[in-house]
Amino acid sequence: MFGFPSPGNASTFAGPWNWLFLVLIGLSLLFAVPIFLLLLYFSARYHRGSRADRRMPQFSEVKIELVWIAVPVVLALIVFAWAARLYVNMYQPPAGAMEINVIGKQWFWEFQHPEGQRELAELHVPVGRPIRLTLTSEDVIHSLYVPAFRIKQDAVPGRYTTIWFQATETGEFRLTCTEYCGLDHALMGGKVYVMSQANYEQWLSGTGATGLASTGEGLFRQYGCSGCHRMDGSGTGPSLVGLYGRQVPLADGSFATADDRYIHDSILLPNLQITAGYQPVMPSFRGQLSEGEIFSIVAYIKSLGLAP
Ligand code: CUA
């Protein structure tokens, strides 16, 4: 755009952010250039020994003062409202967005598709579809950055963060880590491949993966979760059918929303939030399950039905 070096404009966020950025630079120049020129002028005119008029006339004009206060304030508020809208929008994916999980590890990115495909340092996505990324980390804080999409989001251990994008053109785009995370931080990059819907489906079918939820179901049995969390609720632990999205009554009288994060924490820190009417007997699976495995168990529990 305008001949500036650009990382490419490949998502619906690129245009709006470019405009905001240009307007910010324009406004900064609008104020900085006259001030700088006046500075030079006054330095030359009033330098020591110059024959300038140094009487100090008393002068005050309320109107001028109001103008130079009001104009910058209004401009700043306009920029604030504009930027805030763009920013909030980046964190509100449209309904029906495709979900992809992202795990940062020293020192590579792992991506999980809902159909079960796993990729390392590469992300294949279809063009023209909103895609919601849920990020976490296996070790330290990383940050996923795709310059051509204008998205950047931290991946924080023990937390789920989200961001979304919609690619507008097919091609290869650089992704990288922008949070210093140790020795090979600089090498923690990769590529996003934006494909046509048809090519994407072909790619999906070519990987031979089974769905994320069915991987989760396998783990759910393998780790013995199914022994206590029986479908019919007759087990030591509560049934997880229809759990996702529900308000869960807790032993301390409060309620928790059963979202991704709640399920994640229940697996790793089971004694933090005890469901009302149950004993705190669930063991922690910290250190036994990777974040990728927990994502697939969350997908399995989601597949057991949404709360009405
Ligand atoms: Cu991961 Cu820097």
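Two strands are taken to pair if DSSP finds at least two bridges between them. The structure described here is a predicted model. Two open sheets of five strands are covered below, one in the order S3-S2-S1-S5-S8 and one in the order S4-S10-S9-S6-S7. After the sheets come helix H6, the largest pocket and two single residues.

**Sheet S3-S2-S1-S5-S8**

- The five strands of this open sheet follow the order S3-S2-S1-S5-S8, and their pairing is mixed.
- Strand S3 (118-120) and strand S8 (161-166) are the edge strands; each has a single partner strand, so one side of each has no neighbour in the sheet.
- From one strand to the next, the twist averages 25°.
- Strand S5 (residues 130-137) pairs with S8 in the antiparallel sense, over six bridges.
- Within this pairing, Ile 131 has Phe 165 in S8 as its bridge partner, and Pro 130 has Gln 166 in S8.
- S5 also pairs with S1, here in the parallel sense and over seven bridges; Leu 133 in S5 is the bridge partner of Ile 100.
- Seven of the eight residues of S5 are buried, so the strand is largely enclosed by the rest of the structure.
- Helix H7 packs on this sheet and touches strand S1 (98-105), strand S2 (108-112) and S5. The direction of H7 makes about 155° with that of S1.

**Sheet S4-S10-S9-S6-S7**

- This open sheet also has mixed pairing, and its five strands run in the order S4-S10-S9-S6-S7.
- At its edges are strand S4 (122-126) and strand S7 (151-155), each of which pairs on one side only.
- Neighbouring strands of the sheet are turned against each other by 20° on average, direction ignored.
- Helix H3 (residues 197-206) lies across S4 and strand S10 (189-195), and runs at about 130° to S4.
- Strand S6 (residues 142-146) and strand S9 (residues 171-177) run antiparallel and are joined by two bridges. Tyr 145 has Thr 176 in S9 as its bridge partner.
- S6 and S7 likewise run antiparallel, joined by five bridges. Gln 153 in S7 is the bridge partner of Leu 144.
- S6 and S7 form a hairpin with four residues between them. Arg 150, in the turn, has a positive phi of about 60°.

**Side chains along S7**

- In a regular strand the side chains alternate between the two faces of the sheet.
- S7 shows this alternation: Ile 151, Gln 153 and Ala 155 point to one face and are buried, whereas Lys 152 and Asp 154 point to the other face and are not buried.

**Helix H6**

- H6 is mostly covered, with eight of its nine residues buried.
- The buried residues are Asp 260, Tyr 262, Ile 263, His 264, Asp 265, Ser 266, Ile 267 and Leu 268.
- These buried residues pack against S11, strand S12 (255-257) and H7.

**The largest pocket**

- The volume of the largest pocket is about 620 Å³.
- Its lining consists of 34 residues, and those nearest the centre are His 229, Pro 238, Leu 240, Ser 266 and Met 282.
- Two or more lining residues come from each of helix H5 (225-228), strand S11 (247-249), helix H6 (260-268) and helix H7 (291-303).
- H6 gives the most to the lining, with four residues.
- By type, the lining of the largest pocket divides into 23 nonpolar residues, ten polar and one charged.

**Two single residues**

- Thr 176 is in strand S9. With a relative accessible area of 13%, Thr 176 counts as buried, because the cut-off for buried is under 20%.
- Leaving aside neighbours within four places in sequence, Thr 176 is in contact with Trp 109, Ser 143, Leu 144, Tyr 145, Met 188 and Gly 189. Among these contacts, Tyr 145 is also the residue whose bridge partner is Thr 176.
- Leu 77 is found in helix H2 (residues 62-90). The relative accessible area of Leu 77 is 53%, and the residue is exposed, because exposed means over 50%.
- The C-alpha atoms of Leu 77 and Val 33 are separated by 21 Å, and the two residues are 44 residues apart along the chain.

Note on methods
Residues are numbered from 1 along each chain as its sequence is written. This is a predicted model: local features need pLDDT of at least 70, side-chain atom pairs count only at pLDDT 80 or more; totals for chains, interfaces and linings use all residues. Side-chain values use heavy atoms; hydrogens and water are left out. Axes are lines fitted to C-alpha atoms, for helices over the stretch in contact, and angles run from 0 to 180 degrees between N-to-C directions. Contact means heavy atoms within 4.5 Å. On a 1 Å grid over the protein atoms alone, a cavity is a set of points where a 1.4 Å probe fits but cannot get out, and a pocket is an open set with protein on both sides within 12 Å along at least five of seven lines; lining residues have an atom within 4 Å of a point. Grid points are joined across faces, edges and corners, and a volume is the space filled by probe spheres set on the points. Ala, Val, Leu, Ile, Met, Phe, Trp, Tyr, Cys and Pro count as nonpolar, Asp, Glu, Lys and Arg as charged, and the others, Gly among them, as polar. Buried means under 20% relative accessible area, exposed over 50%, partly exposed in between (1.4 Å probe, protein chains only).
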